[in-house]
Every structure is written in structure tokens, then in C-alpha cells.
Amino acid sequence: MTIALSVAKMSPQKNLKRLLRAFAKASLHIPQLYLWMVGSGEQEKELHLLSIQLGVEKRIQFFSSIPQNELRCAYNLSDFLVFPSIFEGFPRAVVEALYYGLPVIGANIPGVLELVQNGFNGLLVDPKQIDDIAFSMVRLAIDKQLRMQLSRNAPCIVRKRFMGDAIWGLEAKLYQSVIEGHKIDVNKDSYK
Amino acid sequence: MERILNPKNAFRCVHIVSFNEAHHFSIRRYGTLLLHTVPRMSKKILRFPLLSSLRVAQVFKKLVKQYGVSLLIDSYGNILDNGLPTVLAARWCGIPSLVTVQNDYHQLFSTKRIYLGYTKLNNILEHFIYRNATHIRSVSPALVSYIKEHGIKESNISYLPRAFDLSTFTQPDSF
């Protein structure tokens with residue numbers, strides 16, 4: 001059994017309708033593929049209905065809202081994260097998934113590109129191409145070796161770039177500079 | 001929580017304003033954090049972003065005067081809900097403001113249902129926020145370009161991603 005995970009607000013930005021269509025296609029090839037969808041939002045009912053229309057409702061588990069400790073279990077129990085957003089700022093779910101060693105199928109858009117490197121810790125897809133998303137899901141579902149390899153690399157970027165202590169120091173410096181009206185140099189010498 | 005909201009104890013005290021369903025004001029202290037709970041505004045007011053922001057800005061202004069706050073920071077949530085009151089109150093009180101940009105709001109305003117009727121107004125308000133903030137923090141390099149498209153100088157923008165407090169996570173079972 002392979003579990004694909006989606007952690008996202010159910011809004012048009014997150015492109016979950018295409019994800020469901022891609023999952024329906026992928027599951028034709030992989031009978032043991034399941035999808036867990038964590039999140040709630042304005043499209044919740046539409047997505048439930050769409051899963052029924054696509055005939056995959058029995059292979060999708062919806063979790064409206066779950067506490068952090070249960071979300072941890074979801075990351076631990078699933079095999080990869082699918083994150084096909086159309087646009088993003090800084091996707092927290094991708095960082096969390098990578099920290100838990102989950103390979104990420106991510107959209108090739110700014111925000112995700114800074115976190116997911118194609119073939120290193122995940123696979124990048126065109127979020128508007130259902131076939132592209134479906135193909136990557138099939139690829140990760142059948143190729144355990146690739147999944148393991150991406151999984152090993154996944155936590156590196158989080159530990160290297162987003163550890164609290166380093167960034168909190170820069171935040172403190174930024175706040176102080178704004179108060180004192182100094183020229184801010186966080187861009188130049190602090191965070192790369 | 002204190003490590004995230006008052007990083008490296010940069011401030012003697014951090015005032016956090018939180019809206020909830022309770023119909024009364026309350027204040028709670030957690031170390032250097034002072035949590036001000038404010039009654040949530042009525043749904044009628046919340047439908048009009050400008051009106052609700054003015055009301056929130058008045059709350060901020062009162063706190064700034066009462067506690068001698070030296071910096072107003074909008075660090076979480078939506079730019080309209082939190083950024084607009086932040087820059088308004090900072091201007092009224094003559095103190096600096098720091099606004100955090102964490103999404104491509106142009107696209108958000110044109111896709112999210114609650115914003116659809118007000119896209120043009122929201123874009124104007126967003127532009128107003130960037131022009132009036134003392135400094136802008138972007139959580140992603142791509143958003144720096146997005147902010148610059150609003151005519152903001154690069155020297156007024158800092159790229160600093162969100163920090164993850166990994167100590168709140170347990171060690172993943174698979175490692």
C-alpha cells in the first residue's frame with residue numbers, strides 16, 4: 001500500500017481539483033495507491049463530490065482539521081507529499097514534509113522551487129498538467145528505490161536553512177534596524 | 001512561543017493582539033509576551049476590509065499610546081487583515097512599521113472567493129500598505145520581485161524566511 005499525502009487549505013490556490021483528477025488517473029495504474037487529504041476550506045464539499053464523481057472516494061481519506069501531533073503521524077505514515085499549488089509564498093507543509101523525510105511532488109513555481117530540487121528531494125511538476133502530476137505519483141509509487149533516495153535527502157535543506165535559532169537572530173536584528181532607522185543589511189550579509 | 005514571537009529577547013515586552021469569540025477584553029502575560037484578547041468584530045464590519053481595518057488600527061493605536069510601543073509588526077495572517085491596520089496605526093502614532101509579505105496577493109485576490117467582489121479595491125489597499133510600511137519582510141525571494149513590482153525600493157525589502165522551531169517536532173520515526 002502506498003499513501004500519497006496532501007496538506008493544504010482547500011482553496012483554488014492549492015489546485016486540489018487537479019490533484020484529485022491526477023490521483024484518479026494514477027490509481028488506474030497503481031491499485032494500492034491511497035490519498036490522504038488534510039485540510040479544510042471553501043472547496044471542501046466540491047472536492048468530496050469530485051472524488052465521488054471520479055470513483056475514487058474509497059481510496060481517499062479526508063481529514064478536515066487535525067492537531068499537530070496527529071499531523072505528525074500523517075507525515076510519518078505516508079510515503080510522499082503532493083503539493084501542486086498554482087502560486088505560493090512559503091509553503092509550510094512542504095518544509096514540514098521534508099523535515100519528516102517525505103519526498104515531495106511539488107509545483108514548479110516560486111516558493112516551492114526554493115525548497116524542492118528535482119531528483120534530489122522530490123519531483124517538480126507543471127501544476128496545470130494533470131498527466132504530469134499523475135505520472136510523478138505513479139513514478140514514486142512504483143519506484144521504492146527512488147523514494148528512499150529522495151527521502152534520505154529530504155531533511156537536509158530544512159536543517160540547513162530554516163532552523164529557528166539562525167533565523168530568530170536575524171529577525172531580532174531586523175526589528176532593531178527598523179526601530180533605529182538604520183539601513184537594513186539583512187539581505188546583504190545575513191541570509192542567503 | 002516566546003522564542004518565536006520575541007526572538008532572542010529583542011524586546012522587553014511584546015504585545016500580541018488576538019481576536020476571539022469572547023465579548024470582553026482580557027490581558028494575559030506569558031513571560032515577555034502580553035496577549036491582548038479583543039472581541040471579534042461583527043460579521044457586518046468584517047465584510048468591509050477598510051472599515052474593519054480602521055477599527056483594528058484604533059485598537060493598535062490605543063495600545064501603542066498606553067504601553068509606549070516602539071514598533072508595529074504584522075508578522076502573520078493576511079496582508080489586508082493585519083498589514084493595513086499595522087501601517088495605519090503606525091502612521092497615526094509616528095512609529096515605524098514592519099509588514100510581512102507571505103503570498104502573491106494579486107493571485108490570491110483573484111482566486112479566493114471572499115475577495116472576488118473587491119479585487120480592485122484590495123489591490124489598491126495592498127499597494128497602499130507597501131508604500132506606507134517603514135520596511136517590508138518577504139518570506140521568499142520570489143516575493144521580493146513581486147513587491148518591487150509595486151515600485152518599492154529594494155533597500156526597503158528584506159528576504160527572511162519563516163523560522164521553524166524544530167524543537168516542537170518530535171524526531172521523525174523514519175530517521
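Begin by selecting chain B and following its sequence from the N terminus: the elements come in the order α-β-β-β-α-α-β-α-β-α-α-β-α-β. That makes seven helices and seven strands in chain B. The model on display is a predicted one.

Keep the whole of chain B in view. Its radius of gyration is 17 Å, close to the 16 Å that the globule rule gives for 175 residues, so chain B is as compact as a globular protein of that length. Along the principal axes, the C-alpha atoms of chain B occupy a box of roughly 45 × 40 × 35 Å. Of the 175 residues in chain B, 33% are buried. Consider next the contacts in chain B between residues at least 6 apart in sequence: 45% of these join residues at least 24 apart.

Now move to chain A and select strand S4, residues 80–83. Display the side chains. In a regular strand, side chains alternate between the two faces of the sheet. Here Phe80(A) and Val82(A) point one way, while Leu81(A) and Phe83(A) point the other way. Are these four residues of S4(A) buried or exposed? All are buried.

Add strand S1 of chain A, residues 2–7, to the selection. S1(A) and S4(A) run parallel and are joined by two bridges. To find one contact point, select Ala4(A), whose bridge partner in S4(A) is Phe80(A).

Next, select strand S5 of chain A, residues 104–107. S5(A) also pairs with S4(A) in the parallel sense, over three bridges. Leu81(A) has Val104(A) as its bridge partner in S5(A). Finally, trace the chain from S4(A) through helix H4 of chain A, residues 92–99, to S5(A): this β-α-β crossover is right-handed.

Technical notes:
Residues numbered from 1 in each chain as written. Chains lettered and ligands numbered in written order. Predicted model: local features only at pLDDT ≥ 70, side-chain atom pairs only at ≥ 80, totals over all residues. Rg over C-alpha atoms; globule rule 2.2 N^0.38 Å. Buried ≥ 20, exposed ≤ 12 C-beta atoms within 10 Å, placed from the backbone. Contact = placed C-beta atoms within 7 Å. Pairing = 2+ DSSP bridges. Right-handed = clockwise from strand over helix to strand, strands pointing away.
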